[in-house]
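The exercises below move from a single residue to the chain as a whole. Each task is followed by a worked solution.

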Amino acid sequence: MPDSHANAVVFEDHGLEPGQDNIQVLGLDVHNPVFFVSAVTIVAFVIVTLIFRDSAGAVLGGLRSWLTSAFDWVFMLSANLFVLFCIALVFSPLGKVRIGGADARPDYSYAGWFAMLFAAGMGIGLMFFGVLEPMYHFNNPPLGITPPLVDGQLVSDPAVIETARATGMAATIFHWGLHPWAMYAIVALSLSLAAYNKGLPLSIRSAFYPIFGDRVRGWIGHVIDIMAVFATLFGLATSLGFGASQALAGLNDLYGVPNTDTMKVILIMVITGLALASVVAGLDAGVKRLSELNMLLAVLLLLFVIVLGPTTAIITGFFQNTWYYVKELPALSNWIGREDDGFLHGWTTFYWAWWISWSPFVGMFIARVSRGRTVREFITCVLIIPTLVSILWMTTFGGTALSQFLADGYTGVQQTVVDYVPELSLFRMLQALPLAGITSLIGIVLVVVFFVTSSDSGSLVIDTITAGGKVDAPVAQRVFWAIFEGLVAIVLLLGGGLAALQAGAIATGFPFALLLVLMTYAAWVCLRDERALPQAA
């Protein structure tokens with residue numbers, strides 16, 4: 001290997017330390033101005049949105065439509081870039097680089113590590129969309145595929161039905177496969193290399209040191225961190241709003257709990273309280289144990305549906321749907337000349353913005369628990385394995401719902417698509433299986449615990465950013481952010497429902513998409529720098 005390293009970035013004299021620009025006030029240890037600008041802006045948003053609910057809903061709705069239609073190419077192009085970069089790393093010599101240095105070893109077992117990254121990555125979303133999305137895309141297939149229903153009745157041609165089913169599953173997996181996890185991987189890899197290999201503080205701005213150098217200590221770094229806070233908080237609020245809507249719909253379905261805005265507010269407040277208890281317990285006692293509990297419940301529910309659902313169709317469907325996904329991936333990744341604007345803008349562009357808004361949160365959380373992994377191991381586990389799990393989940397839950405409709409004539413899930421009551425789709429699918437009351441209750445518990453782990457992990461990440469990279473800041477700061485994650489979810493729900501939640505994620509995800517492209521380059525610079533150092537096998 002060449003000894004020359006003339007183009008390397010000098011990190012050793014960066015002079016950056018966690019919390020070096022912090023101030024201590026009222027028992028807090030916060031970065032000035034990142035904490036204060038972020039906190040004041042979020043508090044102002046909550047107050048203004050509550051006062052002008054109708055106007056806020058209209059503004060958010062218009063913003064969502066404009067961003068998804070005018071800038072769809074930004075989201076699509078950048079997401080494709082992230083996937084290609086990650087795959088290239090797996091097969092590149094750079095994959096041998098170990099996060100934390102050649103002698104670093106993992107802090108967590110594979111089971112604990114995977115449970116935490118997956119629960120944080122997309123837990124609530126899989127519960128909300130796992131049944132709904134395959135059925136929705138079957139009814140309204142993208143890419144110009146002929147719809148299988150005319151006036152609510154299935155067409156007589158089996159080929160049309162099968163093509164719609166295959167395309168619907170491919171479209172669903174597309175939104176939950178390589179692309180979102182590549183976004184998470186980019187953030188996590190660039191942050192972990194900067195923090196554990198280069199000794200920089202674990203803050204979003206540190207990932208940009210290879211590009212901006214010492215200027216990350218100034219206004220450039222402040223803007224980057226503040227944008228990361230906004231993206232994280234609104235991305236989380238979107239997911240928490242989805243989770244609250246689904247949990248309340250399940251409680252209404254099972255126990256007759258009123259499905260009103262007031263009850264949604266109460267539910268978010270209660271679950272935020274549970275998240276606060278987890279915050280106080282700490283990472284190992286709180287998030288780790290809850291993540292492992294959720295993973296166990298999710299696996300049990302998954303196995304239940306596989307065993308008591310259309311078992312053979314699920315097993316064969318896993319391989320078929322994987323192939324459909326691979327086959328349709330180029331077409332679904334292309335945004336040029338598309339005529340299915342409803343799918344491209346209403347689903348894909350929203351998803352990419354949502355995942356990007358989640359990426360600072362999930363990426364930093366994954367970075368905190370990924371020291372000791374090689375880059376190849378890291379990318380494989382963060383990118384490939386979750387994609388396969390997502391395919392299995394969508395095949396099991398969405399495939400079961402499709403089988404119930406096509407083979408058994410059960411219209412419960414189909415009706416939630418026609419009426420567009422997405423929060424009920426999971427419960428209608430479980431209703432057609434044995435022990436529906438028990439499994440539906442497990443589904444509600446899963447949503448609630450995913451809610452708690454997301455809120456806890458999110459407050460941890462936001463606090464780390466606003467504390468200048470310190471990971472041992474006072475607990476009161478994490479409590480503050482956990483409370484305001486719940487408050488933002490509440491005001492978005494009250495100010496426009498699910499559409500407002502989506503608009504918030506898109507509005508904050510768009511600028512961060514541009515930062516993510518720069519972060520990709522920064523990660524490559526760090527890896528190039530590390531390549532000259534001795535690495536473990």
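**Exercise 1.** In this predicted model, determine which residues R105 is in contact with, leaving aside its neighbours within four places in sequence.

*Solution.* Taking contact to mean heavy atoms within 4.5 Å, and leaving aside the neighbours within four places in sequence, one finds R98, R371 and G372 as the partners of R105. The next step is to place the residue, and R105 turns out to belong to the loop that runs between α3 (72–91) and α4 (110–129). A C-alpha distance can then be added: R105 and S370 are 265 residues apart along the chain, yet their C-alpha atoms are separated by 9.4 Å. Finally, for the polar part of the side chain of R105, a polar atom there lies 3.5 Å from the backbone oxygen of A102.

**Exercise 2.** Work out whether the radius of gyration of the protein chain agrees or disagrees with that of a compact globule.

*Solution.* Begin with the rule, which for 537 residues gives a radius of gyration near 24 Å; the protein chain has 23 Å, and therefore the two agree. For the extents, the C-alpha atoms fill a box of roughly 70 × 55 × 45 Å along the principal axes. Turning to burial, where buried means under 20% relative accessible area, such residues make up 61% of the 537. As for contacts between residues at least 6 apart in sequence, 84% join residues at least 24 apart.

**Exercise 3.** Describe the exposed area and the charges of the protein chain.

*Solution.* The chain exposes about 19300 Å², of which carbon and sulfur atoms supply 66%. Counting side chains next gives 24 positive and 34 negative, with the centres of the two sets 7 Å apart.

Terms used: Residues are numbered from 1 along each chain as its sequence is written. This is a predicted model: local features need pLDDT of at least 70, side-chain atom pairs count only at pLDDT 80 or more; totals for chains, interfaces and linings use all residues. Side-chain values use heavy atoms; hydrogens and water are left out. Helices (H or I, at least four residues) and strands (E, at least two) are DSSP runs, numbered from the N terminus. A polar contact is a pair of N or O atoms within 3.5 Å; within protein, one must be able to donate a hydrogen and the other to accept it, and residues adjacent in sequence count only if both atoms are side-chain atoms. The radius of gyration is taken over C-alpha atoms; the globule rule is 2.2 Å times the number of residues to the power 0.38. Buried means under 20% relative accessible area, exposed over 50%, partly exposed in between (1.4 Å probe, protein chains only). Accessible areas come from the Shrake-Rupley method with a 1.4 Å probe; for residues, only the protein chains shown count as cover. Lys and Arg count as positive and Asp and Glu as negative; His and the chain ends are not counted. The place of a charge is taken as NZ of Lys, CZ of Arg, CG of Asp or CD of Glu.
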